[in-house]
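User: Please take a close look at one strand in this model, with the strands that pair with it and the helices that link them. After that, please comment on a few individual residues that deserve a careful reading.

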Amino acid sequence: MSHGDKLRALPKDFVTIATTFNAPFAGIAHAQKKLYGIQFHPEVTHTSCGKALIENFAIKLCQCQQNWTMERFVDTEIDRIRKVVGPTGQVIGAVSGGVDSTVAAKLMHEAIGDRFHAILVDNGVMRLNECEIAHKTLTEGLGINLTVVDASEEFLGKLKGVEDPEKKRKIIGNTFIEVFQREAERVMRESGGSVDFLLQGTLYPDVIESISFKGPSATIKTHHV
């Protein structure tokens, strides 16, 4: 329970079913309907009984069938990507070497090959040798068409003297967009056409925490906006 954000009050017709020392509404349920909410991640390894919680919800409450496999997901997604992108479409996508973007990039590469152009932006504040390791993993290990852009001087120059964390996030986010757009334009010139799609590999919670789609909520990850 390392979250700094939490509910201050229950929604209408909900009751508390779980609490922790810093989250009074760690688990909530609707009084009549089968609606539930939790303030933690049951899927991570250090959540006690997380797997049992997911199984109870999915199988006992939702009556889901245990007939899904990761292999079926991969085959289905590759087929769907090919249909959406078509036989000639060009795709660009930012990668970091992390799990989310790497999985997305691998699926796209399996679907359309070198018509997918992966871009890794070195912002100068990566971990030691992180870009080199990511480059080797993505190209030699996974066969992905990857370009590494060293924009470290540009990022560090704009960050020089800035101490406020929120300002730093916005500088990094805005500079990343500028660098990525320049690289996208280069890809378009070299491919002799247009880039038709943008691939974004991220977890949906990042989307939710970046911008409010419904009603008032805090924008937690402003550097994603």
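Analyst: The answer below begins with the whole chain, moves to the chosen strand, and ends with single residues. This is a predicted model, in which local features need pLDDT of at least 70 and side-chain atom pairs count only at pLDDT 80 or more, while totals for chains, interfaces and linings use all residues. Residues are numbered from 1 along each chain as its sequence is written, and side-chain values use heavy atoms, with hydrogens and water left out.

The protein has seven helices and seven strands, where helices (H or I, at least four residues) and strands (E, at least two) are DSSP runs numbered from the N terminus. Read from the N terminus, the elements follow the order β-β-β-α-α-β-α-β-α-β-α-α-β-α. Of the 225 residues, 28% count as buried, a term that stands for under 20% relative accessible area, with exposed meaning over 50% and partly exposed in between (1.4 Å probe, protein chains only).

The strand chosen here is S5, residues 116-122. Seven of the seven residues of S5 are buried, so the strand is largely enclosed by the rest of the structure. In a regular strand the side chains alternate between the two faces of the sheet. In S5 both faces are covered, with Phe-116, Ala-118, Leu-120 and Asp-122 buried on one side, and His-117, Ile-119 and Val-121 buried on the other.

Two partners of S5 can be described, pairing being counted when DSSP finds at least two bridges between two strands. With strand S4 (residues 91-94), S5 pairs in the parallel sense over four bridges, and within this pairing Ala-94 stands opposite Ile-119. Between S4 and S5 the chain passes through helix H3 (residues 99-112), and this β-α-β crossover is right-handed; that is, with the strands pointing away from the viewer, the path from the first strand over the helix to the second runs clockwise.

With strand S6 (residues 146-150), S5 again runs parallel, and five bridges join the two. The chain goes from S5 to S6 by way of helix H4 (residues 130-141), in a β-α-β crossover that is likewise right-handed. Here Val-121 stands opposite Val-149, and Asp-122 has Asp-150 as its bridge partner in S6.

Asp-122 merits a separate reading, since although buried it has no salt bridge, and Arg-127, the nearest side chain of opposite charge, is 12 Å away. A salt bridge requires a side-chain nitrogen of Lys or Arg within 4 Å of a carboxyl oxygen of Asp or Glu; for charge, Lys and Arg count as positive and Asp and Glu as negative, while His and the chain ends are not counted. A polar atom of the Asp-122 side chain does, however, lie 3.0 Å from the backbone nitrogen of Gly-124. A polar contact is a pair of N or O atoms within 3.5 Å; within protein, one must be able to donate a hydrogen and the other to accept it, and residues adjacent in sequence count only if both atoms are side-chain atoms.

In helix H3, His-109 is buried at a relative accessible area of 16%, and a polar atom of its side chain lies 3.2 Å from the backbone oxygen of Gly-143.

Two other residues stand out by their backbone angles. Gln-63, in the loop between helix H1 (50-61) and helix H2 (70-85), has a positive phi of about 60 degrees although it is not a glycine. Gln-63 is exposed at 57% relative accessible area, and a polar atom of its side chain lies 2.7 Å from the backbone oxygen of Lys-60. Asp-13, also not a glycine, has a positive phi of about 70 degrees; it is found in the segment before strand S1 (14-20) and is partly exposed at 40%.

As for the cysteines, a disulfide is a pair of cysteine sulfur atoms within 2.5 Å, and by this rule the count is zero. The sulfur of Cys-64 has its closest cysteine sulfur in Cys-62 at 5.0 Å, which is too far for a bond. Cys-64 is partly exposed at 41%, whereas Cys-131 is buried at 7%.
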